[in-house]
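Here is a set of worked exercises to try with the sequence and the structure open side by side. Have a go at each task before you read its solution.

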Amino acid sequence: MQLPNHNKLAIPRVFPSISISMMPPALTALISQVVALMGLGLVAVLVSQFEMELSLEPLLWGLMEGIFAALVGHYLGMDRWWLPINLIFVPAILLVLAMDLSPLWFLGAFLLLLLVYGKVYRTQVPLYLSSGEAIEAVASLLPKDSGFSFVDLGSGCGGLLQQLNKVRPDGTYHGIEAAPLPFILSKCRSLFGVSDWRVSWGDFWQMDLSQHDVVYAYLSPVPMALLWRKVRKEMRPGSILISNSFVVPGIEPEITLKLGDFGGSTLYLWRI
Ligand SMILES: C[S@@+](CC[C@H](N)C(=O)[O-])C[C@H]1O[C@@H](n2cnc3c(N)ncnc32)[C@H](O)[C@@H]1O
């Protein structure tokens, strides 16, 4: 899975001192929608000025807005997979509004998304879980000697830690997670399950990695260069970094393991 890295276009006249590449993609998407809505407003004004008849269904207006927004997003350099999101955003809102649902559903969905993905705006690392194949492969890369310490940076719902602890109970397992709901789920799993692992709530950038022999990261392309700098600074010689799916730019891994899972993931291992 490729996540948005950077948008490349500079827009010097609108923002003299910043370029689009500095903006989180969600903000670029918002700008695309606003520009498209303004464009559509302009079309409506022009049509009324020339006293032309243009009576379209709201959904068709929505689709026109979506096409504008997709084009603007493309012009602003957004990754290709944002285009369908920009395209269907307003039509989807119109369709859902037509369903006349209770506002509580929207509040509930908003709160749920906030508790799971609320920090993605800043971290650019959403929640998706390591596959069973990835967990098996990670287990095969663990140190042969017992007593090692393993940490999962951004441990999600704790499934990887729980499984590893089952197959290699001779290590100690830690997780750190920033999103509230996955953290609460994993905390409950760690407290009430039979296996022995720990998870804490926090930001892994503030965590000292020197205590750990194995650091596992399943993040996104965005933080990998910075993570490598942290790992090089803090981890002890001989310890290992395993990344699921995302490489450290310019640094050749010691081991590359292609997995046959649904997402076609690859594990990369670097020895410090
Ligand atoms: C792709 S998921 C991986 C989940 C789990 N490690 C797994 O392999 O199944 C990445 C997780 O990292 C968390 N995360 C992202 N940035 C973080 C940070 N700075 N500190 C702690 N957790 C973070 C996200 O909330 C998300 O749950």
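**Exercise 1. A residue with positive phi**

Task: In which loop is Ser245 found, and is Ser245 buried or exposed?

Solution. Start with the place: Ser245 sits in the loop that links strand 5 and strand 6. Please keep in mind that the model is predicted. Next, count neighbours: 22 other C-beta atoms lie within 10 Å of Ser245, and a residue with 20 or more is buried, so Ser245 is buried. Finally, look at the backbone: the phi of Ser245 is near 80 degrees, a positive value in a residue other than glycine.

Task: Now treat Gln124 in the same way; what is the phi of Gln124 near, and how does Gln124 count by its C-beta neighbours?

Solution. Gln124 belongs to the loop between helix 5 (120–123) and helix 6. The phi of Gln124 is near 60 degrees, again positive in a residue other than glycine. Gln124 has 18 C-beta neighbours inside 10 Å and therefore counts as partly exposed.

**Exercise 2. Parallel strands and their crossovers**

Task: How many bridges join strand 1 to strand 2, and which residue of strand 2 stands opposite Asp152?

Solution. Strand 1 (residues 149–153) and strand 2 run parallel and are joined by 5 bridges. Opposite Asp152 you will find Gly175 in strand 2. Then follow the chain: it leaves strand 1, passes through helix 7 and arrives at strand 2, a β-α-β crossover that is right-handed.

Continue to the next pair. Strand 2 and strand 3 (residues 198–201) also run parallel, with 4 bridges between them, and Ile176 has Ser200 in strand 3 as its bridge partner. Here the chain takes the path from strand 2 through helix 8 (residues 180–192) to strand 3, and this crossover is right-handed too.

**Exercise 3. Antiparallel partners of strand 7**

Task: Which residue in strand 7 stands opposite Asn244, and which one stands opposite Thr256?

Solution. Strand 5 pairs with strand 7 in the antiparallel sense over 5 bridges, and Asn244 faces Leu267 there. Strand 6 (residues 255–258) pairs with strand 7 as well, antiparallel and over 4 bridges; Thr256 stands opposite Tyr268.

**Exercise 4. The nonpolar cores**

Task: How many residues has the largest nonpolar core, and which of them have the most contacts inside it?

Solution. The largest nonpolar core has 33 residues, and Val138, Val215, Tyr216 and Ala217 have the most contacts inside it. Elements that each supply at least two residues of this core include helix 6 (132–141), strand 4 (214–217), helix 9 (224–234) and strand 7 (266–271). Now zoom in on Tyr216: leaving aside neighbours within four places in sequence, Tyr216 is in contact with Val138, Phe150, Asp152, Leu153 and Ile242. Apart from the largest core lies another, of 10 residues, among them Ala36, Phe68, Ala69 and Leu76.

Task: Against which elements do the buried residues of helix 7 pack?

Solution. First list those residues: Leu160, Leu161, Gln162, Gln163, Leu164 and Asn165 are the buried residues of helix 7. They pack against helix 6, strand 1, strand 2 and helix 8.

**Exercise 5. Around the ligand**

Task: Which residues come nearest to the ligand, and how does the shell divide by class?

Solution. There are 22 residues around the ligand, and Val125, Ser130, Gly154, Gly156 and Ala178 come nearest. The elements giving two or more residues to this shell are helix 7 (159–167) and strand 2 (172–177). By class, the shell has 13 nonpolar, 6 polar and 3 charged residues.

One of the nearest residues, Val125, also leads to a long-range pair. The C-alpha atoms of Val125 and Val222 are separated by 7.9 Å, with their positions 97 residues apart along the chain. Val222 lies in the loop between strand 4 and helix 9, and counts as partly exposed because it has 18 C-beta neighbours inside 10 Å.

**Exercise 6. A proline in a helix**

Task: Where is the place of Pro91, and which residues does Pro91 touch beyond four places in sequence?

Solution. Pro91 is in helix 3 (residues 82–98). Not counting residues up to four places away, Pro91 touches Leu59, Gly62, Leu63 and Gly66. With 18 other C-beta atoms within 10 Å, Pro91 is partly exposed.

How values were computed:
Residues are numbered from 1 along each chain as its sequence is written. This is a predicted model: local features need pLDDT of at least 70, side-chain atom pairs count only at pLDDT 80 or more; totals for chains, interfaces and linings use all residues. A residue is near a molecule or strand if its C-beta atom, placed from the backbone, lies within 6 Å of it. Ala, Val, Leu, Ile, Met, Phe, Trp, Tyr, Cys and Pro count as nonpolar, Asp, Glu, Lys and Arg as charged, and the others, Gly among them, as polar. Two strands pair if DSSP finds at least two bridges between them. A crossover is right-handed if, with the strands pointing away from the viewer, the path from the first strand over the helix to the second runs clockwise. A nonpolar core is a set of buried Ala, Val, Leu, Ile, Met, Phe, Trp, Tyr and Cys residues joined through C-beta atoms within 7 Å. A residue is buried if 20 or more other C-beta atoms lie within 10 Å of its own, exposed if 12 or fewer, and partly exposed in between; C-beta atoms are placed from the backbone. Two residues are in contact if their C-beta atoms, placed from the backbone, lie within 7 Å.
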